[in-house]
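Me: I would like to go through this structure and ask, for each term used of it, what the term rests on. Please set the values against the cut-offs where a step needs them.

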2 protein chains.
Amino acid sequence: MNNLALLKNIRVVLCAPRHPGNIGAAARALKTMGLSQLYLVGPQRFPDPEAEWRASRATDVLAGATVCTSLDEALAGVAFSVACSARSREVAVPAVTAREAAAQVIDVARTQPVAVVFGNETYGLTTAEVNKCRLVAAIPANPRYSSLNVAAAVQVFAYEMRMAAGDAPPQGRPRAMASHDEVEGFYGQLEAAMAETGFLNPEHPKKLMPRLRRLFARARLEKEEVNILRGILKALRNPKKRG
Amino acid sequence: MNNLALLKNIRVVLCAPRHPGNIGAAARALKTMGLSQLYLVGPQRFPDPEAEWRASRATDVLAGATVCTSLDEALAGVAFSVACSARSREVAVPAVTAREAAAQVIDVARTQPVAVVFGNETYGLTTAEVNKCRLVAAIPANPRYSSLNVAAAVQVFAYEMRMAAGDAPPQGRPRAMASHDEVEGFYGQLEAAMAETGFLNPEHPKKLMPRLRRLFARARLEKEEVNILRGILKALRNPKKRG
């Protein structure tokens, strides 16, 4: 797959969009950047003539849009997902800029489907929605008025993804990313080891596990790395006798 | 002047905009990126309630907009100007990407006023208009559909200018990155623990340490995270007796 063809592996998900004009403008934004997969979770009005008008010559993207009833449905089958949100808040996933997120998206999209998720015009994404994703990304903005229109935010992210795809060096061996289950298995073992040794007090866990999750989420663990980390934990708990 | 204050030195010029909605959306795009100077050359309808609606909370930018009768009037007093155009054509000025243009704009805007010029929704900028500028810049786009909405193009350029001006990381508190020495101290402790438990054979270390270094380098460890990881290692080697 060449670098620009991989853009077809990226789905853009709009959660509960209110204005059909924004859906149309988002479709146009995607097509101008070479993306084509639009997912709509519970749109208030769709299809709608205003969406068609704002889509301009991207009505094919609108016509091919997938309407879902839940974010889980829209994320089914993706290997990586980014929540786009301007609000800073306490979430369990690492926060990066749109540019950094785009680089990570392109990396995974070479081989597997990826989702980029945008919130509703009025309230954005809920914390529960953000936590369903693997990363939260913000467009650096004026702190006194950081509220981009949702289609404008889609345009900036789609642009950054196209730029990242264009910039990407020819691919080497694709890294086998650890699956959700494998990473969770490692976290479980780490938490148990910390509790057993008294480093973590299960009654007062503080922010220890969320901080460690954030660290390892940033690294985006590979399968083999999870195996190494689990091997180290196991060896530390049950040292071999050495000759 | 600090890097973000210089954004006030950039005027965004819309030539002959037809739809007041696009004027409003452009005002919003500017304000989200910390720009404030909007110039309108011969707008078809302005002021207009649709512009107000699409501007959202950027109506101050609309209210402060300068209406001109010619592009020359809008460019009066600027030291540098960029024409934004997707069309490639024979023009007398050099052509660059939006990202490259943004870097040049920021460089000049430190000390002098600069203009970024956008065309009409239907026919873009005329060749005569482009030739009044010092540079022509394009947003890299899908060659089969490169026509961004004018306010979407304003958003991307304004975003690139803010990025070029150098923005703070997305989350408020800057992360205190671990120093070289701190990270090396952690690696040393990790290697010693692995050797002590027999997980690593110092005579046949294979690629174990390089792989772990690569993993943690990707995460770009913070000071506090190094402290947590070292604490975990120490606890695993010397578990507390638990009541």
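The exchange below takes up confidence, the sheet of chain B, its helices, and then chain A with its contacts.

Me: What kind of model is this, and how does it score?
Reply: The model is predicted. It scores ipTM 0.72 and pTM 0.73. For chain A the mean pLDDT is 90, and 93% of the residues reach 70 or more.

Me: What makes the sheet of chain B parallel, and in what order do its strands lie?
Reply: Seven strands of chain B form an open sheet, ordered β3-β2-β1-β6-β4-β7-β5, and their pairing is parallel. Averaged over neighbouring strands and with direction ignored, the turn between them is 30 degrees.

Me: Why are β3 and β5 of chain B called edge strands?
Reply: Because β3 (66-68) and β5 (95-97) of chain B each pair on one side only, they are the edge strands.

Me: How do you know that β2(B) and β3(B) pair?
Reply: Pairing requires at least two bridges. Strand β2 (residues 37-41) of chain B and β3(B) have three bridges in the parallel sense, so the two count as paired. Within this pair, B:Y39 stands opposite B:T66 of β3(B).

Me: What are the partners of β1(B), and over how many bridges does β1(B) pair with each?
Reply: With β6(B), β1(B) pairs in the parallel sense over five bridges. With β2(B), the parallel pairing of β1(B) also runs over five bridges. B:R11 faces a residue in each partner: B:A115 in β6(B) and B:Q37 in β2(B).

Me: Why is β1(B) called mostly covered?
Reply: A residue is buried if 20 or more other C-beta atoms lie within 10 Å of its own. Six of the six residues of β1(B) are buried, so the strand counts as mostly covered. B:I10, B:V12 and B:L14 point one way from the strand, while B:R11, B:V13 and B:C15 point the other way.

Me: What makes α5 of chain B a helix that packs on the sheet?
Reply: Helix α5 (residues 98-109) of chain B touches β1 (10-15), β4 (80-84), β5, β6 (114-118) and β7 (135-138) of chain B. The direction of α5 makes about 100 degrees with that of β5(B).

Me: Which strands does helix α7 of chain B lie across?
Reply: Helix α7 (residues 150-165) of chain B lies across β1, β4 and β6 of chain B, and runs at about 150 degrees to β6(B).

Me: What is chain A made of, and how is chain A divided into domains?
Reply: Chain A has 10 helices and seven strands. Its domain assignment gives domain 1 (5-167) and domain 2 (180-237). The C-alpha centres of domain 1 and domain 2 of chain A are 31 Å apart.

Me: How do you know that the two domains of chain A touch?
Reply: Residues are in contact if their C-beta atoms, placed from the backbone, lie within 7 Å. Six residues of domain 1 of chain A are in contact with six residues of domain 2 of chain A, so the domains touch by that cut-off. The domain 1 side has four nonpolar, one polar and one charged residues.

Me: What makes up the side of chain A that touches chain B?
Reply: 52 residues of chain A are in contact with 51 residues of chain B. Elements of chain A that give two or more residues to this side include α1 (20-32), β5 (95-97) and α10 (223-237). By class, the side of chain A that touches chain B has 27 nonpolar, 14 polar and 11 charged residues.

Technical notes
Residues numbered from 1 in each chain as written. Chains lettered and ligands numbered in written order. Predicted model: local features only at pLDDT ≥ 70, side-chain atom pairs only at ≥ 80, totals over all residues. Helix = DSSP H or I, 4+ residues; strand = E, 2+ residues; numbered from the N terminus. Axes fitted to C-alpha atoms, helices over the stretch in contact; angles between N-to-C directions. pLDDT = per-residue confidence, 0-100. Domains from an automatic or database assignment. Nonpolar A, V, L, I, M, F, W, Y, C, P; charged D, E, K, R; others polar. Buried ≥ 20, exposed ≤ 12 C-beta atoms within 10 Å, placed from the backbone.
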